[in-house]
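Here's a quick briefing to read with the model open on your screen. It covers the enclosed spaces, then some strand pairing.

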Number of protein chains: 2
Amino acid sequence: MRIAQIAPLYERVPPLMYGGTERVVSYLTEELVRLGHDVTLFASGDSITAARLRAPCALAARLDTSCKDPLARHILMLGAVYEHAEEFDIIHCHTDYLCLPLARLAPAPTLLTLHGRLDMPELGPLYAAYADIPLVSISDEQRTPLPKANWVATIYHGLPDLYRYTPQSGRYLLFLGRISPEKRPDTAIRVAQRAGIPLRIAAKVDPVDVDYFENEIRPLLDDPLIELVGEVGEEGKNELLGGALALLFPIDWPEPFGLVMIESLACGTPVIARPRGSVSEVIRHGETGWVCESEDEMVAAVQRIGEIERAACRAAFERQFTVETMARRYLDVYEAVRVARRVPRAQPAVSDKLLSADDLYDHQAAASADTP
Amino acid sequence: MRIAQIAPLYERVPPLMYGGTERVVSYLTEELVRLGHDVTLFASGDSITAARLRAPCALAARLDTSCKDPLARHILMLGAVYEHAEEFDIIHCHTDYLCLPLARLAPAPTLLTLHGRLDMPELGPLYAAYADIPLVSISDEQRTPLPKANWVATIYHGLPDLYRYTPQSGRYLLFLGRISPEKRPDTAIRVAQRAGIPLRIAAKVDPVDVDYFENEIRPLLDDPLIELVGEVGEEGKNELLGGALALLFPIDWPEPFGLVMIESLACGTPVIARPRGSVSEVIRHGETGWVCESEDEMVAAVQRIGEIERAACRAAFERQFTVETMARRYLDVYEAVRVARRVPRAQPAVSDKLLSADDLYDHQAAASADTP
């Protein structure tokens, strides 16, 4: 199949360090190439891929100090994709809604995977106007703010064979990711202290979170149980995850998909997580970890972590969260979208969704109905 | 002619207070309706117009506390415009580069007026890729960062008959606009103090400029010569401008067009301005004001302000900066663009401007050549 993959331009594909969307686009792209498809990857010029690379810029925006207007780069890229849409059997876009008007006008079908949270009030009217463009969610929970959008599948992220299964853990808990209020590192620290088990924090602090780190987290680090190890690369992550008794993932925001959970399962390490966003879809309570609301429950979960078999965690990963599974599911959806496209049907006109001067209030009501 | 006017969605059209682009779109739209054209205005739903109004949202973004993602609204609007492009003879867009990929694919021609500064490095490659889309600048100076873009005209802003000519001024200088570092209110204050003439400051302070105001400007206000009158509406502006000896416009940034300069001329009030951006195109040194680099020169210019005839200022306004002149020039360009569109020609393909993995450095060289 002739497939276009359209990545965001903030990180290279794959990213050097952080950057969930670009990383998943990379995994999917390389797997599709391995399966023999003709893949063109639209991404920043420093990306590394076995696919044909087409780049609107030399460097990814976050590494490029000269970048002032990343949106302009995205517009340049999308224009190039859709001007030659007939060269593709499917255009798979990962850059949110920017492609919608072009997708409607193009001769080839677009599939749009939404990677972010969807609770902005503007998104209801926009996706309602483009109800003919098929959407993929990365968890069922992600759909909550937009239940009426044109969802055709939920496809969980998948990982290539990067993480080693580690049958025997060490004796520490792990917090991995960003230090930010919605990730709740403070909860992780208190749970470890109360359970009396060492905690390693392998996390970066973004500039926007420096105040939070200095005021809320640093005062909690003065305890020999708590060790801050900073940001780690792939190999360090593998070792840290593999050696951990459990990953603590006490998030307090509706994270559409938490990649670190499936990295943990790949190493055989169970996950103790708060039920937000995709958590209850990814972690099976009592089988691959414990899903807990309160700190009391999390402390109890740490004490019962021996009840979770590490082999069961790895098995769940292999069953649900490999890149092979993800790519196979996407290929099924690509095929379904192409077949559906061959059946002509009435498309709702975008301009029908715009307001004339008389119906502002109907519009507001409709918008708020879709975004509670 | 069937004309679509596409406004930004940040302010209503016309804006309640500040908002240069939306104000100019309003003046142009109303004048085109008055001339008998069939005009559709795409703008926020609270806009007030004699044209047909089509709105992707009820309220302009800056007044709408529920607005989280204005870009999504712009994408919805542009999709609606271009899905029915065949209903228009010309699509006149004022929302920067967002429309470019759609404009290329549309059956009706687009004319794009650029209202902002253009010195972001991403804009060179983008406008080079869309060299077939005609662009209008709002001053010649605005083109400096992108000399090779597809400019077809410079059309200065024009005002409707809102401002009364005031033959006899009072005895004060005026600073009108925003209090921000690049507008240099500090220069205006020092010039007034050294000239020994009262200064009225009719200006708003945006949240981003509060620190600048408190630290740099408030300490200068403790002088009976200097009076801060806050933000004013249209009628207050008219009186303040008409009564002023001169408008001080000591900007220190390349402002593409300073509407307040032509508002001042409409009242017959000369302008003392630093030669940045459009200043030297709008103000004729010695005829409608004084164009000065240094504070010394500005102080001298205040002392020589009697040499400028107020009637000459008004005459310059009537000759160059009325809405009739602006609309007539746009209609000429609309017609020229339609005629040019009928002649088929090879379009440079956008994807020719994208990088394959081998030519990153060529691309960087090309980009930097256009953006010195």
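Let's start with the second largest cavity, which is lined by A:Phe175, A:Leu176, A:Lys183, A:Leu248, A:Phe249 and A:Ile251. Two elements of chain A, β8 (173–178) and β11 (246–249), each give two or more residues to that lining. Keep in mind that this is a predicted model.

**The second largest cavity**
- About 30 Å³ of space lies in this cavity.
- Sort its lining residues by type and you get 5 nonpolar, no polar and 1 charged.

**The largest cavity**
- The structure holds 2 cavities of 30 Å³ or more, and the largest has a volume of about 80 Å³.
- Chain A lends A:Ile75, A:Leu78, A:Leu98, A:Pro101 and A:Leu102 to the lining of the largest cavity, and chain B lends B:Ile75, B:Leu78, B:Leu98, B:Pro101 and B:Leu102.
- The elements giving two or more residues to this lining are α2 (70–83) and α3 (100–105) of chain A, plus α2 (70–83) and α3 (100–105) of chain B.
- What kinds of residue line the largest cavity? The split is 10 nonpolar, no polar and no charged.

**Strand β1 of chain A and its partners**
- Strand β1 (residues 2–6) of chain A is mostly covered, with 4 of its 5 residues buried.
- β1(A) pairs with strand β2 (residues 38–42) of chain A in the parallel sense, over 5 bridges.
- To find that pairing on screen, look for A:Ile3, whose bridge partner in β2(A) is A:Val39.
- Add helix α1 (residues 20–34) of chain A, and β1(A), the helix and β2(A) make a right-handed β-α-β unit.
- β1(A) also runs parallel to strand β4 (residues 90–93) of chain A, joined by 4 bridges.
- Here A:Ala4 stands opposite A:Ile91 in β4(A).

**Strand β2 of chain B and its partners**
- Over in chain B, strand β2 (residues 38–42) is mostly covered: 4 of its 5 residues are buried.
- Strand β1 (residues 2–6) of chain B pairs with β2(B) in the parallel sense over 5 bridges, and B:Ala4 has B:Thr40 as its bridge partner in β2(B).
- Which way does the crossover turn between β1(B) and β2(B)? The chain goes from β1(B) through helix α1 (residues 20–34) of chain B to β2(B), and this β-α-β crossover is right-handed.
- β2(B) also pairs with strand β3 (residues 52–54) of chain B, in the parallel sense over 3 bridges.
- In that pairing, B:Thr40 stands opposite B:Arg52 in β3(B).

Technical notes:
Residues numbered from 1 in each chain as written. Chains lettered and ligands numbered in written order. Predicted model: local features only at pLDDT ≥ 70, side-chain atom pairs only at ≥ 80, totals over all residues. Heavy atoms only, no water. 1 Å grid on protein atoms, 1.4 Å probe; cavity = no way out; pocket = protein on both sides within 12 Å on 5 of 7 lines; lining within 4 Å. Points joined across faces, edges and corners; volume = space filled by probe spheres on them. Nonpolar A, V, L, I, M, F, W, Y, C, P; charged D, E, K, R; others polar. Buried < 20%, exposed > 50% of the residue type's maximum accessible area, 1.4 Å probe, protein only. Pairing = 2+ DSSP bridges. Right-handed = clockwise from strand over helix to strand, strands pointing away.
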